[in-house]
Structure formats: C-alpha cells, structure tokens
Amino acid sequence: FISLFINFSFQRYNNINIQSTKMAKHGMHLCCHITYSMMLLLSAVFLTVAAAVPFWLYQDGAGTTGDPSPACGIFTYCDTTHDLNCDIQYYGTSVDSFPSSNIRNTAALLIVAAIICWLSAIVSLMSCCFCYSCTKWQVFPLGLSVVFVVATILLFAYSLTSWSSNSATSNPDFVKCNCGADIKAFSIGDQCKYGYGSYLVIASAVIVTLTAFLSCKIKSMDIEKGLYE
C-alpha cells in the first residue's frame, strides 16, 4: 500500500510539473508579457501622478523666478508654479468642490481609467508566473481604459472655459486660475499654458492604446501555446 501511494504521488508530481512547464511563458512570449506589464504599470503611475498634481495649466508668466502665478489641476491647485515652493491644496472635500461640473466629470473619468490600469497591471504581473490565462480577461477592460483616458483629454480641453475670467469672478472659491476672456473650449488662449499634468495624461493615452493592442497579441500567443485549454 505504501509503495502504491509513493508511486501515485510521484506520478502526480511529474504530471503537475510537466503541465506547469508547458504552461509557463518563455522567450519572446515572456518578454512581450513583461513589456506589457511594465507599460501598464507606467500608464497607471502617470495617471495617478496627473490626478495628484495641480500642474495641468499655468497662468501666463509661469516659471519665472519669484512668479506667484497659480497652477491648477482637476483635483488640486497651488498659488505658485514652482514645485518646490508649491503648497498643493485640494479644491474641497465634497463633489461640488470643483471649478465646474465638467472638471468634476473629467476627474471621475481619470480615476476610473487609473483604477482599470492599476488592476490590469497587478493581474498582468501575476500572470507572468501563474494564472496564465488571466490575460484574456484584460483585453476588454484595457479597451475601455483607452476610451476613458481619451474622454478625459477631450473633456478637459472642452472644459477650459472653467478658468475664464468670468468663471474666476463668479466662482472665486474654486476657480483659482484666471486665464482671461479669450480662453474657450479646445483653445487655451494667451494668458495660460498647459503644464506637465496634461502631458502625462496624453502620454498615458498613447501607452494604454499601445498596451491594448499588445494585449491582443499576447492573447493570441497564449492561445497558440494552449494556455486557455
């Protein structure tokens, strides 16, 4: 009986080991997956930083020594444009504490996109070593994340009038940047300029789009290797 038990255990171990070896990712397959995971992680970090920083737009003259011109983002603002001297503050703690409803919606889209990217990045890192078939479930969420990031960019550009001189006068508690009367949807005007917070979101849009296409490639490689059987 003991001999039979030992033989059965040994055969079971060999079967599991063979199956694990078959399922594991190697070579180009593994390199593509690691690249995919790193791109997801990078896009998630970019979106998180963009949400936290107030440097989505600056008033004209920003960047000069001693310039007190404020910088504004979708969640935060500061009275000076210099990172080291910037006292970052939130607009408020309620859902109404935004320069406008469009900026609030922009913030919501950005948060959803960041959450999808973080979850996808974590799952993709897991599936490098185990849960090999998990990649197939990421194709649709990543496509959805692309939509959310692009929508964030477009809605932010459409909402630039939230920082017009009229808005600053009528809503001084939350509109901390005055970009003048010339600012309009999709046109920042002459009194403000874009900051690196905006560029981080654009970079994330490019990376997430490339990652979504790469996820389709990895899925086809997984199917070819038989990971979904």
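In this predicted model, buried residues account for 44% of the 229 residues in the chain. The accessible surface adds up to about 12200 Å², and 66% of that belongs to carbon and sulfur atoms. Contacts often reach far along the sequence: among those between residues at least 6 apart, 67% join residues at least 24 apart.

As for secondary structure, the chain has 6 helices and 5 strands. Walking along the sequence gives the pattern α-α-β-β-β-β-α-α-α-β-α.

Now for the sheet. Strands of a sheet pair through backbone hydrogen bonds, in either a parallel or an antiparallel way. Here the 5 strands make an open sheet with antiparallel pairing, lined up in the order E4-E3-E2-E1-E5. At the edges sit strand E4 (89-90) and strand E5 (192-194), each of which pairs on one side only. Strand E1 (residues 57-59) runs antiparallel to its partner E5, and 3 bridges link the two. Within this pair, Tyr58 is found opposite Lys193 of E5.

Then there is the inside of the chain. In soluble globular proteins, nonpolar side chains tend to be buried together. The largest nonpolar core of this model holds 50 residues, and the ones touching the most other members are Trp56, Leu57, Phe156 and Trp163. Helices and strands both chip in: helix H2 (27-52), helix H3 (101-126), helix H4 (139-158) and helix H6 (196-225) each supply at least two core residues, and so do E1, strand E2 (71-72) and strand E3 (76-78). The top contributor is H6, with 9 residues.

Note on methods: Residues are numbered from 1 along each chain as its sequence is written. This is a predicted model: local features need pLDDT of at least 70, side-chain atom pairs count only at pLDDT 80 or more; totals for chains, interfaces and linings use all residues. Side-chain values use heavy atoms; hydrogens and water are left out. Two strands pair if DSSP finds at least two bridges between them. Helices (H or I, at least four residues) and strands (E, at least two) are DSSP runs, numbered from the N terminus. Buried means under 20% relative accessible area, exposed over 50%, partly exposed in between (1.4 Å probe, protein chains only). Contact means heavy atoms within 4.5 Å. Accessible areas come from the Shrake-Rupley method with a 1.4 Å probe; for residues, only the protein chains shown count as cover. A nonpolar core is a set of buried Ala, Val, Leu, Ile, Met, Phe, Trp, Tyr and Cys residues joined through side-chain atoms within 4.5 Å.
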